[in-house]
Amino acid sequence: MSAALKLARPSDLDRLMGLVTAFHAETGIEQDIDQTRNALAPLLEGIPHGCIYLIGPGRAPLGYIVLTFGWSVEFGGMDGFVDEIYIRPAVRGRGIATEVLLDLPKALAGAGLTALHLEVDRSNEVTQKLYLRTGFRPRERYMLMSRKL
């Protein structure tokens with residue numbers, strides 16, 4: 001199966017909101033619809049801080065991946081963070097996420113990214129195996145910490 005990626009645009013907002021709402025409900029992320037729309041819209045409009053790709057057919061996407069960009073002295077330049085990746089439950093297990101997580105980093109490296117990071121629930125062994133299979137490794141000395149502002 002080819003997991004075609006389409007850079008999402010403002011016209012994709014409603015389609016994307018359905019996928020994001022499903023992902024947040026499935027994972028227990030509390031969501032405010034207006035806040036979510038306001039967070040997605042600038043990424044769809046082309047701000048330099050990140051982008052969103054729809055996975056699969058543009059009119060009926062199978063999922064999405066949100067990337068955000070930063071800068072890392074440790075990694076020697078621009079790095080990225082997989083903020084969210086979601087595949088519809090009905091099509092999971094077909095290698096779609098694997099394909100995305102193997103191919104997209106190659107394209108990002110060609111565009112100058114030096115590292116790609118992501119986070120995973122410590123108890124989600126299935127997703128951890130996916131990430132390990134696609135070249136992501138835990139950083140044993142480090143733990144992601146956050147502070148909401």
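Asp12 and Arg15 form a salt bridge in this predicted model, with their closest N and O atoms 2.8 Å apart. The two partners sit in rather unlike surroundings: Asp12 is buried, at a relative accessible area of 3%, while Arg15 is partly exposed at 31%. Lys6 joins in as well, since Lys6, Asp12 and Arg15 are linked in a network of salt bridges. Behind such pairs is a simple idea: side chains of opposite charge can pair when their charged atoms come close.

**Charged pairs across the chain**

How many salt bridges does a search of the whole structure find? The search turns up five. Three of them are set out here, with the N to O distance of each.

| Acidic residue | Basic residue | N to O distance |
|---|---|---|
| Asp12 | Arg15 | 2.8 Å |
| Asp14 | Arg37 | 3.1 Å |
| Glu26 | Arg92 | 2.8 Å |

The pair of Asp14 and Arg37 meets through its side chains. This pair links distant parts of the chain, with Asp14 in helix α1 (residues 13-27) and Arg37 in helix α2, 23 residues apart. Asp14 is exposed, with a relative accessible area of 55%, whereas Arg37 is partly exposed at 29%.

The side chains of Glu26 and Arg92 also meet in a salt bridge. Here too, distant parts of the chain are linked: Glu26 belongs to helix α1, and Arg92 to the loop between β4 and α3 (96-110), 66 residues away in the chain. Glu26 is partly exposed, with a relative accessible area of 44%, and Arg92 is partly exposed at 39%.

**A buried glutamate without a salt bridge**

Now to Glu84, which is found in strand β4. Glu84 is buried, and yet has no salt bridge. Which side chain of opposite charge is nearest to Glu84, and how far away is it? That side chain belongs to Arg92, 11 Å away. A salt bridge needs a side-chain nitrogen within 4 Å of a carboxyl oxygen, so Arg92 at 11 Å does not make one with Glu84.

Glu84 does have a polar partner, though: its side chain makes a polar contact with the side chain of Tyr64, at 2.5 Å. Setting aside neighbours within four places in sequence, Glu84 is in contact with Val20, Phe23, His24, Tyr64, Ile65 and Val66.

**The sheet around it**

Five strands form an open sheet in the order β1-β2-β3-β4-β5, with mixed pairing. Its edge strands are β1 (5-7) and β5 (115-118), each of which pairs on one side only. From one strand to the next, the twist averages 30°. Helix α2 (residues 33-45) packs on this sheet, touching β2 and β3, and its direction makes about 90° with that of β2.

As background, strands of a sheet pair through backbone hydrogen bonds, either parallel or antiparallel. Strand β2 (residues 50-55) and strand β3 (residues 63-72) take the antiparallel sense, over six bridges. Within this pairing, Tyr53 has Ile65 as its bridge partner in β3, and Cys51 stands opposite Leu67 in β3. Ile65 has already appeared among the contacts of Glu84.

On to the next pair: β3 and strand β4 (residues 77-87) are antiparallel too, over ten bridges. These strands form a hairpin with four residues between them, and Gly76 in the turn has a positive phi of about 80°. Phe69 has its bridge partner in β4, namely Gly80.

**A glycine in β4**

Gly80 lies in strand β4. Is Gly80 buried or exposed? At 4% relative accessibility, Gly80 counts as buried. Leaving out neighbours within four places in sequence, Gly80 is in contact with Thr68, Phe69, Leu113, Ala115, Leu116 and His117. Phe69 is thus on this list and is also the bridge partner of Gly80. Gly80 and Gly58, by contrast, are 22 residues apart in sequence and 24 Å apart in space, C-alpha to C-alpha.

How values were computed
Residues are numbered from 1 along each chain as its sequence is written. This is a predicted model: local features need pLDDT of at least 70, side-chain atom pairs count only at pLDDT 80 or more; totals for chains, interfaces and linings use all residues. Side-chain values use heavy atoms; hydrogens and water are left out. Two strands pair if DSSP finds at least two bridges between them. Helices (H or I, at least four residues) and strands (E, at least two) are DSSP runs, numbered from the N terminus. Axes are lines fitted to C-alpha atoms, for helices over the stretch in contact, and angles run from 0 to 180 degrees between N-to-C directions. Contact means heavy atoms within 4.5 Å. Buried means under 20% relative accessible area, exposed over 50%, partly exposed in between (1.4 Å probe, protein chains only). Lys and Arg count as positive and Asp and Glu as negative; His and the chain ends are not counted. A polar contact is a pair of N or O atoms within 3.5 Å; within protein, one must be able to donate a hydrogen and the other to accept it, and residues adjacent in sequence count only if both atoms are side-chain atoms.
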